[in-house]
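Dear colleague, please find below a short note on the structure, set out as numbered points. It may be read alongside the sequence and the 3D view.

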Amino acid sequence: MCVVLLTNSLYAQNKEARLNLNFRNATLESFVKQLENATGFSFIYGEEVKLSRRITFEAKKQTIYEILRRAFENEPIRFEISGKHILLYKRLTPKKSASRKFTISGYVTDGASSETLIGANILESRRSTGTATNPFGFYTLTLPEGNAELTFSYLGYETLHKLFELDRDTLLNIRLNSNNQLEEVVVLSDKREAGIESTTMGANEIPIAQIKNTPSILGEADLLKTIQLMPGVQAGMEGFSGMYVRGGGPDQNLVLLDGIPIYNADHLLGVFSIFTPEAVKNVTLFKSSFPARYGGRLSSIVDVRTNDGDMKKYHGAISIGLLTDKLHIEGPIIKGKTSFSLSARAMPTAFFKNLIVDKDDDSPNVHYADKYNYYFYDMNAKLNHKFNDRSRLFLGFYRGKDHYHMDTRDDYPDNSGYKEVRYYDSKSHLNWGNMIGYARWNYVFNNQLFGNTTVSYNSYQMTLTGSMDDVTHRNNVLQDRNHYASKFYSGIRDWSARMDFDYTPVPEHHIKFGGEFIYHTFSPGVSTSKMQEVENGIAQTDTLYNTSTSRDMNGQELSVYAEDNFVLSDRLSLNAGVRFSMFHTQDKSYFSAQPRLSARYDLGRGFSAKASYTCMSQYVHLLSSTPLSMPTDLWVPITKNIRPMYANQYSVGSYYTGLPGWEFSVEGYYKQMRHILEYQDGVSFFGTSTNWEEKVETGQGRSYGLEIMMQKNIGRTTGWLAYTLSRTEHRFADGSINQGRWFPYKYDRRHSISLCLNHKFSERIDVGASWIFNTGGCITVPERTTIIIRPDGSTESGAYISQRNNYRLPASHRLNIGINFNKKTKHGIRTWNISVYNAYNAMNPNIVYSKWQTTSNYLNGYYNNYYNGKPGDIPQISEEGKSVVKKLTILPCIPSVTYTYRF
């Protein structure tokens, strides 16, 4: 067994080895002998295999496959590499022209698990034409009749070559085997949908291996924290998961879970995201040149796809950390037909009623007990059924929740002599979270048309309940009671239906079209309360209050789109599309046409250039008064008075891929925004949306910047270095805010640097590190006091502010380090992870606020009297005030340990 494994490993290395060989007027026999001596492969062929002419060429740093393809390109010979043997066959003389065309189509899957591979590359080597698999692993490619030579590749997997005679439409399902030498060291891949080789700009695929290896707080691998390391993406507050992309706000990011929008993607006020890495298969980030199939937000798209489930065998992982425990398991229900994938994550405190209990039973006057608890959990479940090669069904479910409660009880001993018992009981419970359910059907209509139909339900809800009881019993009879109970809830519910089609009439055109309908129900804040009273043993009339005037608001959103990714020449490719949308609410309809265009030109020698234009619209807003991701943030739709937000973004970029394993990019952008919302001074939306339209102003914004990125994507050491230079400003021309002048956005950070590195020392040890540097954002700080004269002639002192966001916060920087110790066991792999968040304990301000500080100048008055010769006079006392900026650090250096077992 050991000898066989060693031999296979040896020949696999020779298969990928780069050779320098010179062939001069070689016969088939001499050509074969020279290759056998150089590689160790042995050739097998019959007498019918003959050359039409002798072989003459020089091979420099070419693989055995490239040499064979070049030698037999115009010969009646086809070849196949099988293990340590190379098989040669006779084939018909290649036709110089073909009058007919046929289509090859199928799925590309993982050879071990049958999991579909998104964005796998398919290239026809002879004609230098190709395609890539769609988000469901399906591809289609139309070629002329004759010999076909296809190459299937996906980073992290072994490349597969297929040579055959194409004389009919062909269904070709491909299984790629994982390449252990590249496993978990790949950073970014060159997909047609995203990356440097694609037509689109500002699009990146983030491999799951990179997300798992990027150190984060308490050892929790976090999808959104990894995305924050990309150029043009910033965190709102230091250490939290909020995303601000190219000058946009957190509500301007469309986060999709299997194509379904997520309205709250955070746990623990934004410290963690809701995504469990073990459940995720593919992540794509779009910052500009958004494909027409995406819409509804201005700044970014984060498209997250989850695992379908292994159709061959059971496997999974168990992880135990300082904060959460995780479980992932997947496998076949009916082998080769039906599979499942199940992932769960929870804080251990979810299994306890109370985490903290503070009580005092020794006090003679009052006994008290305070009880607290907080937890969150996530659960992902998915079923995948394959009816046949044309038809597949997916059922998916997600549920995530945060819970916090505080219960207080005070018991007062009887000191009256009347057997009197009195207690005070107070309870506050806060729950918030998402729930998603969907059914998806994939169907291959023919070799050129693929369809996907999705129906889904999506809900986000926050509920805050509270109660208070002040009860007195005398002689075991209820004497007095004051009971008050309240409930506040807000949320949004969506029912949606969507159809998407992929149509490839010819290799040069890849057309996508479809439509979607969403029925929104907004509950922006409904509050009810109830009061019950008992006086002297007599029950009083109950009182019910509805303290909120907000009502459920409905909105209907309809959109259709079409886009074409087409190749004009060997150097020039375009992606052109348009999206039409309509939003109806409060008996008013808004219509929008959003053109999209991007182009890529290959300059040669590894250089390329891109340009794009994108128009986006947005019909929903998030009302928030804090920089944290609070459960009390409220989603509201546009109204008959508040118009949709629009953005036009122009981008250009240059790229270089001539250095093997490296990618370099420089992108510049300019974004215009209209009808953006800004809250009026002194306005708070904490838990209420009552009359919210009267508390906001609409204006315009602009953002422009430069993004530079250098990344290494193959090898033991991988990672990237990114730098962003940007400026974002807002203006409200009516003068209601900042006198109609431009002012910096609160998260306008001029400079941002991120460094992310991973190194694999061996199969047992690998390390990861990330370092970030950001210049500070802006806040509004009173500069001095001023006198305000009211219409009635009265005066009072107040704070003077020259302009909004007039104070620039200090820069922040942080280093995170993590190391993994892996060990293979009899049934799996055991991993210990040791991570240090904020390794050198940088005291970055996580929360910043301003406070007006008043001081007395009594001593100044005393000394003024003394020097003026009036030491006996009473000093005049006056108060002086100044604005003081307070900074609070809540995320210092935090070490963590996590244990994971994969089986």
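1. A hairpin of four residues connects strand β52 to strand β53. The model in which this hairpin appears is a predicted one. Strand β52 covers residues 812-824, and strand β53 covers residues 829-837. The two strands run antiparallel and are joined by eight bridges. Within this pairing, Lys823 has Arg830 of β53 as its bridge partner.

2. Strand β52 also pairs with strand β47, which spans residues 765-774. This pairing is antiparallel and extends over 10 bridges. One of the residue pairs is Trp771 with Leu815, the latter lying in β52. Strand β52 is thus a partner of β47 and also of β53. As general background, strands of a sheet pair through backbone hydrogen bonds, in either the parallel or the antiparallel sense.

3. Elsewhere in the chain, three strands form an open sheet in the order β2-β5-β4, and the pairing in this sheet is mixed. Which strands stand at the edges? They are β2 (42-44) and β4 (77-82); each has a single partner strand, so one side of each is left without a neighbour in the sheet. From one strand to the next, the twist averages 25°.

4. Within that sheet, β2 and β5 (residues 85-90) pair in the parallel sense over three bridges. The bridge partner of Ser42 is His85 in β5.

5. Two helices should be considered together with this sheet. Helix α2 lies across β2 and β5, and its direction is at about 145° to that of β2. Helix α3 packs on the sheet as well, where it touches β2, β4 and β5. The direction of α3 makes about 165° with that of β4.

6. How do the two helices lie relative to each other? In general, two packed helices are described by the angle between their axes and the distance between the axes. Here the axes of α2 (residues 28-39) and α3 (residues 64-71) come within 12 Å and cross at roughly 175°. The helices are therefore roughly antiparallel to each other, since angles over 145 degrees are counted in that way.

7. Which residues make the contact between these helices? From α2 come Phe31, Leu35 and Thr39, while α3 supplies Ile64, Ile67, Leu68 and Ala71. Of the residues in this contact, six are nonpolar, one is polar and none is charged.

How values were computed
Residues numbered from 1 in each chain as written. Predicted model: local features only at pLDDT ≥ 70, side-chain atom pairs only at ≥ 80, totals over all residues. Heavy atoms only, no water. Axes fitted to C-alpha atoms, helices over the stretch in contact; angles between N-to-C directions. Parallel < 35°, antiparallel > 145°, perpendicular 65-115°, else oblique. Contact = heavy atoms within 4.5 Å. Nonpolar A, V, L, I, M, F, W, Y, C, P; charged D, E, K, R; others polar. Pairing = 2+ DSSP bridges.
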